Amino acid sequence: RETMKATKPDAGIAKKRVQDAQKEIGNILAAIKAGIVTSSTKTALLTAESDLADAEYELKAVLAYEPSI
């Protein structure tokens with residue numbers, strides 16, 4: 001059991017990436033609602049959405065990970 005715990009990836013790091021990406025999207029949406037609409041705003045939003053998708057995929061993989069014994 002100790003070996004399994006030692007080799008299982010830390011879901012906390014993946015969860016933090018998801019939270020950070022969600023916060024970034026929220027900040028960008030707040031800027032858009034405040035009237036800050038530029039081509040870089042759109043690019044930043046698309047990048048943040050891509051980062052969120054990557055982070056969610058990573059989190060699912062970490063949570064599904066079963067170390068081999």
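A residue is called buried when its relative accessible area is under 20%, exposed when that area is over 50%, and partly exposed in between. Please keep those cut-offs in mind as I go through this structure, which is a predicted model.

Let me use them straight away on one residue, D20, which sits in helix 2. Is D20 buried, exposed or partly exposed? Its relative accessible area is 39%, and because that value falls between the two cut-offs, D20 counts as partly exposed. While we are looking at D20, notice also that its C-alpha atom is separated by 9.3 Å from that of A55, although the two residues are 35 apart along the chain.

Now for the overall picture. The protein chain has 3 helices and 0 strands, so that, read from the N terminus on, its elements run α-α-α. Of its 69 residues, 20% are buried, and the accessible surface of the chain comes to about 5300 Å², with 57% of it belonging to carbon and sulfur atoms. If we take the contacts between residues at least 6 apart in sequence, 78% of them join residues that are at least 24 apart.

Let us turn to helix 2 itself, which covers residues 11-33. With 23 residues at 1.5 Å a residue, helix 2 should span 33 Å, and since its end C-alpha atoms are indeed 33 Å apart, the model agrees with the expectation. At the N-terminal end, helix 2 is capped by D10, which places a side-chain oxygen 2.9 Å from the backbone nitrogen of G12. Just after the helix, G35 takes a positive phi of about 100°.

Which residues of helix 2 are buried? They are A11, A14, V18, A21, I25 and I28, and what covers them includes helix 3, residues 39-64.

That brings me to the interior. In soluble globular proteins, nonpolar side chains tend to be buried together. Here, the largest nonpolar core has 12 residues, and it consists of A11, A14, V18, A21, I25 and I28 together with L45, A48, L52, A55, L59 and V62. The elements that give two or more residues to this core are helix 2 and helix 3.

To finish with one member of that core, consider L52: leaving aside residues up to four places away in sequence, L52 touches V18, A21, Q22 and I25. Of these, V18, A21 and I25 are named in the core as well, and they are also among the buried residues of helix 2.

Key: Residues numbered from 1 in each chain as written. Predicted model: local features only at pLDDT ≥ 70, side-chain atom pairs only at ≥ 80, totals over all residues. Heavy atoms only, no water. Helix = DSSP H or I, 4+ residues; strand = E, 2+ residues; numbered from the N terminus. Expected span 1.5 Å × (residues − 1). Buried < 20%, exposed > 50% of the residue type's maximum accessible area, 1.4 Å probe, protein only. Contact = heavy atoms within 4.5 Å. Polar contact = N/O pair within 3.5 Å; in protein donor to acceptor, adjacent residues only side chain to side chain. Core = buried A, V, L, I, M, F, W, Y, C linked by side-chain atoms within 4.5 Å. Areas by Shrake-Rupley, 256 points an atom, 1.4 Å probe, with all protein chains shown as cover.
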